[in-house]
Amino acid sequence: MVQKRSSNPAARIGAIAAIGALALTGCSSETIANGFMPSTPEVTDKTGALIALWTGSWAALLAVGVLVWGLMIWALIVYRKRKGDNQLPVQLQYHVPLELMYTVIPIVMVGVLFVASQRTVEETLHLDENPDLTVQVYGKQWSWDFYYSEFDVHYSGERIQIQGEGDDMEHLPTLYLPLDQNVQFEVMSRDVNHAFWIPEFLYKSDMIPGRTNTFQITPTQEGVYRGKCAEMCGEFHSEMLFRVEVIPVDEFEEVMAQYEADGQTGPLDDPTLNRWGNTGGDH
Ligand SMILES: [Cu+2]
């Protein structure tokens, strides 16, 4: 008995490979649309533009890659050395239209990527003159301090020993952010270089002693996010974590009132808090 076979073995192998790849990665169409980034366009006012740049660049580069690989494979097969063929193939030099093409097309491609990146960078780094809220964030070995200047209240974190995966997140220092409000972050360090990173916000900023780095983000989706230090800063760098809670404005104001009731008032910019007595300025 003859086994029934698909008329096109290549198509069959392709289909199996595609199903296998999808099964292995377990990815949904949404994950693919977001370019496998740990975020969605809804998280902040910036994530949409960042994801669009990332996926757009990937799509363009993949298209170019497929074209180039296709041409290479085609040339390899069609112009392969055949039996008894000892002649050099036609040598093509100083073919002006061809040389113009492979000079101009890459320049246009790099130009398009440059303009798209530059636009997104400008959008991401743009600072409004009147943000709704300012949070000063201090990195320190190995925790975080947050000062909400409009409310004149603070939260000072301590290092939490991480026991393992799971519930530890509850005990981490929490940065509260009001939903749909433009928050200005002013990030600094008390001792060594750290980096402020909320992966789902797709934004990371260095925290350098004696320097203030400023950026603005409007969180647009309620929820709890993970934050971490992204600069190797010593023995317990891996435990320098925090959580971010994006909550409606009225709930945010309740948290601020609670901080005030608990006596967590006043700024945290006292230079004696800094390990090196750092007063900022020239370093
Ligand atoms: Cu660190």
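These legends accompany close-up views of one predicted model.

**View 1. Confidence varies along the chain of this predicted model.** The mean pLDDT of the protein chain is 87. A value of 70 or more is reached by 84% of its residues. Residues 1–6 stay under 50. For that stretch, the model has two contacts beyond four places in sequence.

**View 2. Helix α4 is hardly covered.** The helix takes in residues 96–125, 30 residues in total. From its first C-alpha to its last, α4 reaches 43 Å. That is close to the 44 Å expected at 1.5 Å a residue. How many of its 30 residues are buried? The count is zero. As background, an α-helix has 3.6 residues a turn, so residues three or four places apart point the same way.

**View 3. Two loop residues other than glycine have a positive phi.** Most residues other than glycine have a negative phi. Tyr94 has a phi of about 50°, and Leu202 has one near 55°. Tyr94 sits in the loop between α3 (47–78) and α4. Leu202 sits in the loop between β6 (194–198) and β7 (203–207). Are these residues buried or exposed? Tyr94 is exposed, because its count of other C-beta atoms within 10 Å is 6, and 12 or fewer counts as exposed. Leu202 is buried, because its count is 21, and the cut-off for buried is 20 or more.

**View 4. A cis peptide bond lies between Gln141 and Trp142.** Its omega is near 0°. Most peptide bonds are trans. Trp142 belongs to the loop between β1 (133–140) and β2 (143–148).

**View 5. Five strands form an open sheet.** Their order is β3-β2-β1-β5-β8, and the pairing is mixed. Which strands stand at the edges? They are β3 (153–156) and β8 (213–217). Each has a single partner strand, so one side of each is left without a neighbour in the sheet. From one strand to the next, the twist averages 20°.

**View 6. Strands β5 and β8 pair in the antiparallel sense.** Strands of a sheet pair through backbone hydrogen bonds, either parallel or antiparallel. Here β5 covers residues 183–189, and five bridges join this strand to β8. Look for Gln184: its bridge partner in β8 is Gln216.

**View 7. Ile217 of strand β8 is buried.** Why does Ile217 count as buried? Because 22 C-beta neighbours lie inside 10 Å, and 20 or more is the cut-off. Asp45 is 172 residues away from Ile217 in sequence. In space, the two are 6.7 Å apart, C-alpha to C-alpha. Beyond four places in sequence, the contacts of Ile217 include Thr44, Asp45 and Lys46. Val183, Phe185, Phe201 and Tyr203 also touch Ile217.

**View 8. The largest nonpolar core has 32 residues.** In soluble globular proteins, nonpolar side chains tend to be buried together. Those with the most contacts inside this core are Val135, Val137, Phe146, Phe185 and Val187. Which elements give two or more residues to the core? They are β1, β2, β4 (174–178), β5, β6, β9 (223–229) and β10 (241–247). Take Val135 as a starting point. Leaving out residues up to four places away in sequence, Val135 touches Phe146, Tyr147, Tyr148, Val183 and Phe185.

Definitions and conventions. Residues numbered from 1 in each chain as written. Predicted model: local features only at pLDDT ≥ 70, side-chain atom pairs only at ≥ 80, totals over all residues. Helix = DSSP H or I, 4+ residues; strand = E, 2+ residues; numbered from the N terminus. Expected span 1.5 Å × (residues − 1). Pairing = 2+ DSSP bridges. Axes fitted to C-alpha atoms, helices over the stretch in contact; angles between N-to-C directions. Core = buried A, V, L, I, M, F, W, Y, C linked by C-beta atoms within 7 Å. Contact = placed C-beta atoms within 7 Å. pLDDT = per-residue confidence, 0-100.
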